[in-house]
Amino acid sequence: MVRRNEQRRTALVDAAIEVLAREGARGLTFRAVDAEAAVPPGTASNYFANRDELLTGAGARVYERLHPGEAALARHRTAPRDRETYTELMRELVGRVSSFRTGYLALLELRLEATRRPELRRVLTERVRADVDANIAHHEASGFPGDATTVKLLMLTLNWLIVEQLTLPEVFTEEEREELVVAAVQRIVPAG
(Lines give C-alpha, C1' and ligand atoms only; values in the text may rest on other atoms or scores of the structure.)
Protein backbone atom coordinates (compact mmCIF):
# COMPACT_ATOMS: atom_id res chain seq x y z
CA MET A 1 0.00 0.00 0.00
CA VAL A 2 1.36 3.42 -1.00
CA ARG A 3 1.04 6.05 1.74
CA ARG A 4 -0.32 9.56 1.24
CA ASN A 5 1.26 11.85 3.87
CA GLU A 6 2.21 14.60 1.41
CA GLN A 7 4.77 16.27 3.71
CA ARG A 8 6.61 12.99 4.22
CA ARG A 9 6.38 12.18 0.50
CA THR A 10 7.84 15.61 -0.37
CA ALA A 11 10.66 15.14 2.14
CA LEU A 12 11.46 11.77 0.57
CA VAL A 13 11.49 13.23 -2.94
CA ASP A 14 13.74 16.07 -1.76
CA ALA A 15 16.04 13.45 -0.25
CA ALA A 16 16.00 11.56 -3.57
CA ILE A 17 17.14 14.75 -5.33
CA GLU A 18 20.09 15.04 -2.94
CA VAL A 19 21.02 11.37 -3.45
CA LEU A 20 20.77 11.69 -7.24
CA ALA A 21 23.01 14.75 -7.25
CA ARG A 22 25.60 13.16 -4.95
CA GLU A 23 25.54 9.48 -5.95
CA GLY A 24 24.01 9.45 -9.43
CA ALA A 25 21.09 7.36 -10.60
CA ARG A 26 22.83 4.09 -9.70
CA GLY A 27 23.08 5.23 -6.09
CA LEU A 28 19.39 6.05 -5.82
CA THR A 29 17.96 3.28 -3.67
CA PHE A 30 15.10 3.31 -1.20
CA ARG A 31 17.64 2.69 1.53
CA ALA A 32 19.76 5.68 0.46
CA VAL A 33 16.67 7.91 0.35
CA ASP A 34 15.59 6.74 3.81
CA ALA A 35 19.04 7.55 5.17
CA GLU A 36 19.14 10.98 3.51
CA ALA A 37 15.66 11.84 4.80
CA ALA A 38 16.57 10.53 8.28
CA VAL A 39 13.50 8.27 8.41
CA PRO A 40 13.20 4.64 9.46
CA PRO A 41 14.34 2.02 6.93
CA GLY A 42 11.53 0.99 4.62
CA THR A 43 9.78 4.37 4.67
CA ALA A 44 10.47 5.26 1.03
CA SER A 45 9.16 1.91 -0.17
CA ASN A 46 5.90 2.67 1.65
CA TYR A 47 5.48 5.87 -0.39
CA PHE A 48 6.73 4.80 -3.81
CA ALA A 49 5.69 1.62 -5.59
CA ASN A 50 9.05 1.33 -7.37
CA ARG A 51 12.25 3.14 -8.26
CA ASP A 52 10.80 4.54 -11.50
CA GLU A 53 8.06 6.28 -9.53
CA LEU A 54 10.71 7.79 -7.25
CA LEU A 55 12.78 8.97 -10.24
CA THR A 56 9.73 10.53 -11.85
CA GLY A 57 8.74 12.22 -8.59
CA ALA A 58 12.23 13.67 -8.24
CA GLY A 59 12.09 15.12 -11.74
CA ALA A 60 8.72 16.77 -11.12
CA ARG A 61 9.90 18.18 -7.79
CA VAL A 62 13.00 19.77 -9.33
CA TYR A 63 10.80 21.72 -11.75
CA GLU A 64 8.47 22.70 -8.92
CA ARG A 65 11.38 24.06 -6.86
CA LEU A 66 12.86 25.93 -9.84
CA HIS A 67 9.68 27.93 -10.46
CA PRO A 68 10.41 31.63 -9.88
CA GLY A 69 7.34 32.22 -7.72
CA GLU A 70 4.44 34.60 -8.08
CA ALA A 71 6.25 37.63 -6.60
CA ALA A 72 8.98 37.46 -9.25
CA LEU A 73 6.47 36.91 -12.03
CA ALA A 74 4.37 39.88 -10.87
CA ARG A 75 7.47 42.11 -10.79
CA HIS A 76 8.35 41.15 -14.35
CA ARG A 77 4.85 41.84 -15.64
CA THR A 78 5.33 45.56 -15.00
CA ALA A 79 8.94 45.87 -16.25
CA PRO A 80 9.81 47.46 -19.62
CA ARG A 81 9.82 45.11 -22.61
CA ASP A 82 13.39 45.60 -23.82
CA ARG A 83 16.76 43.84 -23.98
CA GLU A 84 17.85 45.27 -20.63
CA THR A 85 14.88 43.76 -18.85
CA TYR A 86 15.36 40.55 -20.82
CA THR A 87 18.99 40.47 -19.70
CA GLU A 88 17.96 40.91 -16.07
CA LEU A 89 15.43 38.09 -16.41
CA MET A 90 18.10 35.79 -17.80
CA ARG A 91 20.54 36.74 -15.02
CA GLU A 92 17.87 35.88 -12.46
CA LEU A 93 17.15 32.61 -14.22
CA VAL A 94 20.80 31.55 -14.30
CA GLY A 95 21.21 32.60 -10.67
CA ARG A 96 18.06 30.77 -9.52
CA VAL A 97 18.95 27.55 -11.29
CA SER A 98 22.61 27.71 -10.26
CA SER A 99 21.65 28.24 -6.63
CA PHE A 100 19.72 24.94 -6.66
CA ARG A 101 22.83 22.99 -7.61
CA THR A 102 21.67 19.60 -6.39
CA GLY A 103 18.35 19.96 -8.21
CA TYR A 104 19.95 20.72 -11.55
CA LEU A 105 22.55 17.96 -11.13
CA ALA A 106 19.75 15.55 -10.24
CA LEU A 107 17.92 16.63 -13.37
CA LEU A 108 21.02 15.89 -15.44
CA GLU A 109 21.21 12.44 -13.85
CA LEU A 110 17.54 11.89 -14.65
CA ARG A 111 18.14 12.84 -18.28
CA LEU A 112 20.96 10.32 -18.51
CA GLU A 113 18.84 7.66 -16.85
CA ALA A 114 16.01 8.45 -19.28
CA THR A 115 18.19 7.18 -22.12
CA ARG A 116 17.84 3.72 -20.52
CA ARG A 117 14.28 3.92 -19.17
CA PRO A 118 11.56 4.51 -21.76
CA GLU A 119 8.88 5.48 -19.22
CA LEU A 120 11.15 8.03 -17.56
CA ARG A 121 12.11 9.35 -21.02
CA ARG A 122 8.41 9.73 -21.86
CA VAL A 123 7.68 11.61 -18.62
CA LEU A 124 10.73 13.88 -18.90
CA THR A 125 10.06 14.58 -22.57
CA GLU A 126 6.50 15.62 -21.76
CA ARG A 127 7.69 17.78 -18.87
CA VAL A 128 10.49 19.50 -20.81
CA ARG A 129 8.25 20.00 -23.86
CA ALA A 130 5.59 21.55 -21.60
CA ASP A 131 8.26 23.80 -20.06
CA VAL A 132 9.45 24.92 -23.52
CA ASP A 133 5.87 25.56 -24.63
CA ALA A 134 5.09 27.49 -21.43
CA ASN A 135 8.19 29.64 -21.84
CA ILE A 136 7.29 30.39 -25.46
CA ALA A 137 3.67 31.22 -24.55
CA HIS A 138 4.83 33.47 -21.70
CA HIS A 139 7.30 35.18 -24.03
CA GLU A 140 4.71 35.74 -26.75
CA ALA A 141 2.19 37.12 -24.25
CA SER A 142 4.77 39.35 -22.57
CA GLY A 143 5.55 41.58 -25.51
CA PHE A 144 9.31 41.04 -25.31
CA PRO A 145 11.21 41.19 -28.60
CA GLY A 146 11.90 37.94 -30.41
CA ASP A 147 9.95 34.81 -31.23
CA ALA A 148 9.80 31.13 -30.33
CA THR A 149 13.25 30.54 -31.80
CA THR A 150 14.65 33.30 -29.57
CA VAL A 151 13.29 31.51 -26.52
CA LYS A 152 14.64 28.11 -27.61
CA LEU A 153 18.09 29.49 -28.41
CA LEU A 154 18.32 31.25 -25.04
CA MET A 155 17.19 28.11 -23.23
CA LEU A 156 19.80 25.98 -24.97
CA THR A 157 22.58 28.53 -24.53
CA LEU A 158 21.92 29.29 -20.89
CA ASN A 159 21.34 25.66 -19.98
CA TRP A 160 24.84 24.81 -21.11
CA LEU A 161 26.27 27.81 -19.24
CA ILE A 162 24.53 26.49 -16.12
CA VAL A 163 25.95 23.01 -16.71
CA GLU A 164 29.46 24.50 -16.88
CA GLN A 165 28.86 26.53 -13.73
CA LEU A 166 27.59 23.56 -11.73
CA THR A 167 29.90 20.84 -12.97
CA LEU A 168 33.15 22.71 -13.71
CA PRO A 169 32.81 26.04 -11.90
CA GLU A 170 36.40 27.09 -12.58
CA VAL A 171 35.90 27.18 -16.38
CA PHE A 172 34.31 30.63 -16.23
CA THR A 173 34.60 33.23 -13.51
CA GLU A 174 31.44 34.84 -12.14
CA GLU A 175 32.30 37.97 -14.12
CA GLU A 176 32.67 35.93 -17.33
CA ARG A 177 29.34 34.21 -16.64
CA GLU A 178 27.64 37.59 -16.30
CA GLU A 179 29.25 38.79 -19.53
CA LEU A 180 28.12 35.64 -21.33
CA VAL A 181 24.51 36.11 -20.21
CA VAL A 182 24.57 39.69 -21.50
CA ALA A 183 26.20 38.61 -24.78
CA ALA A 184 23.69 35.80 -25.27
CA VAL A 185 20.76 38.18 -24.90
CA GLN A 186 22.38 40.85 -27.09
CA ARG A 187 23.16 38.37 -29.87
CA ILE A 188 20.00 36.27 -29.75
CA VAL A 189 17.25 38.74 -28.87
CA PRO A 190 16.47 41.15 -31.71
CA ALA A 191 16.57 44.87 -30.95
CA GLY A 192 13.28 46.63 -30.27
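This passage describes the overall architecture of a predicted model, then an annotated region and two threonine residues.

The chain comprises 192 residues and contains 10 helices and zero strands. Read from one end of the sequence to the other, its secondary structure accordingly takes the form α-α-α-α-α-α-α-α-α-α. Along the principal axes, the C-alpha atoms occupy a box of roughly 55 × 35 × 30 Å. Of the residues in the chain, 36% are buried. Among contacts with a sequence separation of 6 or more, 67% join residues that stand 24 or more positions apart.

The accessible surface of the chain amounts to about 10800 Å². Carbon and sulfur atoms contribute 54% of this area. The chain carries 27 positive and 29 negative charges, and the mean positions of these two sets are separated by 6 Å.

One segment is annotated in a sequence record. The unreviewed UniProt entry assigns the feature "DNA-binding region" to residues 29-48. In the predicted model, this span is 65% helix and 0% strand. The C-alpha atoms at its two ends are 11 Å apart.

Two threonine residues were examined individually. Thr56 is located in helix H4, which covers residues 51-66. The relative accessible area of Thr56 is 25%; because this value falls between the limits of 20% and 50%, the residue is classed as partly exposed. When residues up to four places away in sequence are set aside, Thr56 touches Leu120 and Val123. The pair formed by Thr56 and Val123 spans 67 residues in sequence, while the distance between their C-alpha atoms is 7.2 Å.

Thr87 lies in helix H6, formed by residues 83-99. Its relative accessibility is 6%, and Thr87 therefore counts as buried, the cut-off being under 20%. Apart from neighbours within four places in sequence, Thr87 is in contact with Val181, Val182, Val185 and Gln186.

Taken together, the two sites present contrasting surroundings: Thr56 in helix H4 is partly exposed, whereas Thr87 in helix H6 is buried. The contacts listed for Thr56 are with Leu120 and Val123, and those listed for Thr87 include Val181 and Gln186.

How values were computed. Residues are numbered from 1 along each chain as its sequence is written. This is a predicted model: local features need pLDDT of at least 70, side-chain atom pairs count only at pLDDT 80 or more; totals for chains, interfaces and linings use all residues. Side-chain values use heavy atoms; hydrogens and water are left out. UniProt positions are given in the numbering used here, feature names are shortened, and annotations may be inferred rather than shown by experiment. Helices (H or I, at least four residues) and strands (E, at least two) are DSSP runs, numbered from the N terminus. Buried means under 20% relative accessible area, exposed over 50%, partly exposed in between (1.4 Å probe, protein chains only). Contact means heavy atoms within 4.5 Å. Accessible areas come from the Shrake-Rupley method with a 1.4 Å probe; for residues, only the protein chains shown count as cover. Lys and Arg count as positive and Asp and Glu as negative; His and the chain ends are not counted. The place of a charge is taken as NZ of Lys, CZ of Arg, CG of Asp or CD of Glu.
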